[in-house]
Amino acid sequence: MTSPEAFQFDLLTTDGNARAGLFHTPHGEIPTPIFAPVGTQATVKAVSPAQLEEIGASLVLSNTYHLYLRPGADLVAEMGGLHQFMQWPHPILTDSGGFQVFSLADTRKIDDDGVTFKSHIDGSTHRFTPKTAVAIQENLGADIIMAFDECAPPYDRAYNERALARTHAWAERCLQAKTRPDQALFGIVQGGIFPDLRVKSAEYIASLGFPGHAIGGLSVGETKAEMNATIEIVNAVLPQNKPRYLMGVGSPEDLINGIRRGIDIFDCVLPTRLARHQAAMTFSGRINLMNASNAHDQRPIDENCQCYTCQHFTRAYLRHLVVAKEMLAATLISIHNLFTLLEIARRSRIAILNGCFDQFADDFLANYHRSSDSSTSDALSNGVDQ
RNA sequence: GUGGGUGUAGCUCAACGGCAGAGCGCCACACUGUGGAUGUGGAUGUUGUGGGUUCGAAACCCAUCACCCACC
């Protein structure tokens, strides 16, 4: 049986609002800030556990909604739990299924007790409640499990008020349902883009005594400026001595902007999804490897990158794999993209420990080529002026 | 050698006397608590070639070239 100290968060140092820490779990320490690759169906798509270790991943996210529907949480438990099943001996976090019920399920009916929905796989009817969401996650056996919440459209105030009441009630019921001492349950702050709702939610969730807190309902349609403003509002309320997890974010510049505002943990499908859609993330912007301009390019994706892909392969070869629809393309580009985001987290951590994060962040954003989203530069100026 | 058929975008084909089009491919863009999905935008033609008929020809006529089929 693991002691409560297993989930201690050592806040090593702060630099402005940025933080460098160490979060302890039964399957190892997580250095923060950290980016968590997403392995929805007990696999980070196209990437093996050995490759993830080489990339330097520590925390991997998996998904309650998907694993419950297929192969079933009971089966995962029977096979020794998620770590054993997917052969990832390091920390794992499972999402509660709340977001997926809203984003993936075909039809859904919400009441104060839970959500009834239809599977996107076969149309069969299922029901999640705070109690079942915790029970399923206890069966899966991740180190960090998430409260069952309701993610509302960011601009709909009335919807957010209703959803917030439910999310808060459900957070308490998740705490009451939890039985395993070797798992940490994180609470989730909601409230859309509305500052007063966000403050109210952060205060309430923080009052419940979770070992860690998440910010949900962002990067779902609001502008980057609104996202960054919301992060600042929420982090001003959340306690310093517990990890803060920004759910579903993000891009390279989102990581920098989030770390600058006190985020410790990120997860996002973007690096692996973009990899399957032929796009590479770099410190200077995005590269679409399908582009004809790469056909004769002998350079790696990023000449300064130390990942396996960049150490061995040219853009010309990667473009060939992409055009030929070869599976290896997804693997090699995923390795690069994940390495890039983990490298951003690693360098940020070093900069924070050295007390020079602001300079690092300013240099990064100045060098990062933004393509179409003008709100990004707004976010940057907000960040500098704060 | 004789007879028949087919030539339209990179490919497969529509349009059959009235603004030359589709699918795929190609060229780009989007993607944030994962549908290896999808969506959006764009470029491309001396209609094999040369002549003729017609107000107007990818279409009808003549010649020619290429390819395919059948028969000597």
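Which way does α10 pass α15, in a left-handed or a right-handed crossing? Point 4 has the answer, and a few basics come before it.

1. A word on the model and its labels. This is a predicted model, in which local features need pLDDT of at least 70, side-chain atom pairs count only at pLDDT 80 or more, and totals for chains, interfaces and linings use all residues. Residues are numbered from 1 along each chain as its sequence is written, while chains are lettered from A and ligands numbered from 1 in the order in which they are written.

2. The overall fold. Chain A holds 16 helices and 16 strands; these are DSSP runs numbered from the N terminus, helices being H or I with at least four residues and strands E with at least two. The C-alpha atoms of chain A fit a box of roughly 60 × 50 × 40 Å along the principal axes. The radius of gyration of chain A is 20 Å, which agrees with the value near 21 Å for a compact globule of 386 residues. That radius is taken over C-alpha atoms, and the globule rule is 2.2 Å times the number of residues to the power 0.38.

3. The surroundings of RNA strand B. Around this strand there are 45 residues, and the closest are Cys151, Gly248, Gly250, Val269 and Thr272; a residue counts as near if its C-beta atom, placed from the backbone, lies within 6 Å of the strand. Two or more residues each come from α5 (98-103), β14 (265-268), α11 (270-276) and α14 (327-353). The biggest share is from α11, with 5 residues. By class, this surface has 19 nonpolar, 19 polar and 7 charged residues. Here Ala, Val, Leu, Ile, Met, Phe, Trp, Tyr, Cys and Pro count as nonpolar, Asp, Glu, Lys and Arg as charged, and the others, Gly among them, as polar.

4. Back to the opening question. Helices α10 (residues 252-260) and α15 (residues 357-367) have axes that come within 10 Å and cross at roughly 155 degrees, so α10 is roughly antiparallel to α15. Axes are lines fitted to C-alpha atoms, for helices over the stretch in contact, and angles run from 0 to 180 degrees between N-to-C directions. Under 35 degrees counts as roughly parallel, over 145 as roughly antiparallel, 65 to 115 as roughly perpendicular and the rest as oblique. The crossing of α10 past α15 is left-handed, meaning that the near helix is turned anticlockwise from the far one by less than a right angle; clockwise would be right-handed. Glu253, Ile256 and Arg260 of α10 make the contact with Ala361, Phe364 and Leu365 of α15, where residues are in contact if their C-beta atoms, placed from the backbone, lie within 7 Å.

5. The pair α6 and α7. Helix α6 (residues 130-140) packs on helix α7 (residues 157-177) at about 45 degrees, with the axes 8 Å apart, which means that α6 is oblique to α7. The crossing is right-handed. On the α6 side are Pro130, Lys131, Ala133, Val134 and Ala135, which meet Trp170, Arg173, Cys174 and Ala177 of α7. This contact has 7 nonpolar, no polar and 2 charged residues.

6. The pair α8 and α9. Helix α8 (residues 195-207) and α9 pack at about 35 degrees, with axes 9 Å apart, and α8 passes α9 in a right-handed crossing. Pro195, Arg198, Val199 and Ala202 of α8 touch Thr230, Ile233 and Val234 of α9.

7. Backbone spots worth a look. Most residues other than glycine have a negative phi, and most peptide bonds are trans. The bond from arginine 70 to proline 71 is cis, with omega near 10 degrees, and proline 71 sits in the loop between α2 (64-69) and α3 (73-78). Valine 249 and glycine 250 are also joined by a cis peptide bond, with omega about 20 degrees. Serine 219 has a positive phi, near 60 degrees, and lies in the loop between β12 (213-215) and α9 (224-235).

Key: Contact = placed C-beta atoms within 7 Å.
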